[in-house]
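Biologist: I would like to take a close look at one part of this model with you, and I would be glad of a careful, connected explanation.

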Amino acid sequence: GSFGSNSWSTSVTASQVQRERESVLPEALRLSPDSTMNSVLASDVQRLSLGASLSRGGVNTAFPLVSSPRYYINSSLGQNWPERVIGFQVNAGAGIRVLGGDELSFSVSHDTQPITRNSDDATSVGMQYRYHFQ
């Protein structure tokens, strides 16, 4: 949907991945004597998530769609199986016009959704300047 120059959306996403893999864990990937293939890479992974986004214009795009300021915020909350872990992802950004046909943008993202069982949260921060030739 939209209101004025702002747009929003919601989503429900379900996914499943089936991996073809060896039945025996290669020695190079054995992290401990009791490591198994399932402890390193699950054969089946499922995810169910709910997401929402709110934005005004396009930040970090080839050419801005609306006047400054532009922003976006996206979030997702999901459950992964077989880990039975809930993860949260959020990313946001804002862009402003500096000299006219340009954009200075800032972004931040945080992800608590584990890629592997032993992974930590991931956070990133960015800044970008773009000049748009017309």
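Which residues form a nonpolar patch on the surface, and how much accessible area do they have together? Please also tell me about the surroundings of Glu103, including where Glu103 lies.

Modeller: Please keep in mind that this is a predicted model, in which the chain averages a pLDDT of 84 and 87% of the residues score at least 70. Among the elements of the chain, strand S6, which covers residues 102–111, has the highest mean pLDDT, at 93, whereas helix H1, made of residues 37–40, has the lowest, at 69. Where pLDDT is low, the predicted coordinates should not be read in detail.

The nonpolar patch on the surface is formed by Ile96, Val98, Leu99, Tyr129, Tyr131 and Phe133, and together these residues have about 710 Å² of accessible area. One of them, Tyr131, belongs to strand S7, which runs over residues 122–131. Because the relative accessibility of Tyr131 is 46%, this residue counts as partly exposed, a class that lies between the limits of 20% for buried and 50% for exposed.

Glu103, in turn, is found in strand S6, and its relative accessible area is 1%, so Glu103 counts as buried. The side chain of Glu103 makes a polar contact with the side chain of Arg70, at 2.9 Å, and the two side chains also meet in a salt bridge, with that distance of 2.9 Å taken from N to O. Since Arg70 lies in strand S4 (residues 70–81) and Glu103 in strand S6, the pair ties together parts that are 33 residues apart in sequence. Arg70 is buried, as Glu103 is, and the count of salt bridges comes to 1. Glu103 can also be placed relative to His132, for the C-alpha atoms of these two residues are separated by 8.0 Å, while the residues are 29 apart along the chain.

Strand S4, which holds Arg70, can also be followed into the loops on either side. In the loop between strand S3 (44–56) and S4 lies Pro69, and the peptide bond that leads from Ser68 to Pro69 is cis, with omega near 0°. Pro82 has its place in the loop between S4 and strand S5 (85–96), and Pro82 is joined to Trp81 by a cis peptide bond whose omega is about 10°.

Key: Residues are numbered from 1 along each chain as its sequence is written. This is a predicted model: local features need pLDDT of at least 70, side-chain atom pairs count only at pLDDT 80 or more; totals for chains, interfaces and linings use all residues. Side-chain values use heavy atoms; hydrogens and water are left out. pLDDT is the predictor's confidence in each residue, from 0 to 100. Helices (H or I, at least four residues) and strands (E, at least two) are DSSP runs, numbered from the N terminus. A salt bridge is a side-chain nitrogen of Lys or Arg within 4 Å of a carboxyl oxygen of Asp or Glu. Buried means under 20% relative accessible area, exposed over 50%, partly exposed in between (1.4 Å probe, protein chains only). Patches are made of residues with over 30% relative accessible area and no salt bridge: like charges are joined within 9 Å, nonpolar side chains (Val, Leu, Ile, Met, Phe, Trp, Tyr) within 5 Å. Accessible areas come from the Shrake-Rupley method with a 1.4 Å probe; for residues, only the protein chains shown count as cover. A polar contact is a pair of N or O atoms within 3.5 Å; within protein, one must be able to donate a hydrogen and the other to accept it, and residues adjacent in sequence count only if both atoms are side-chain atoms.
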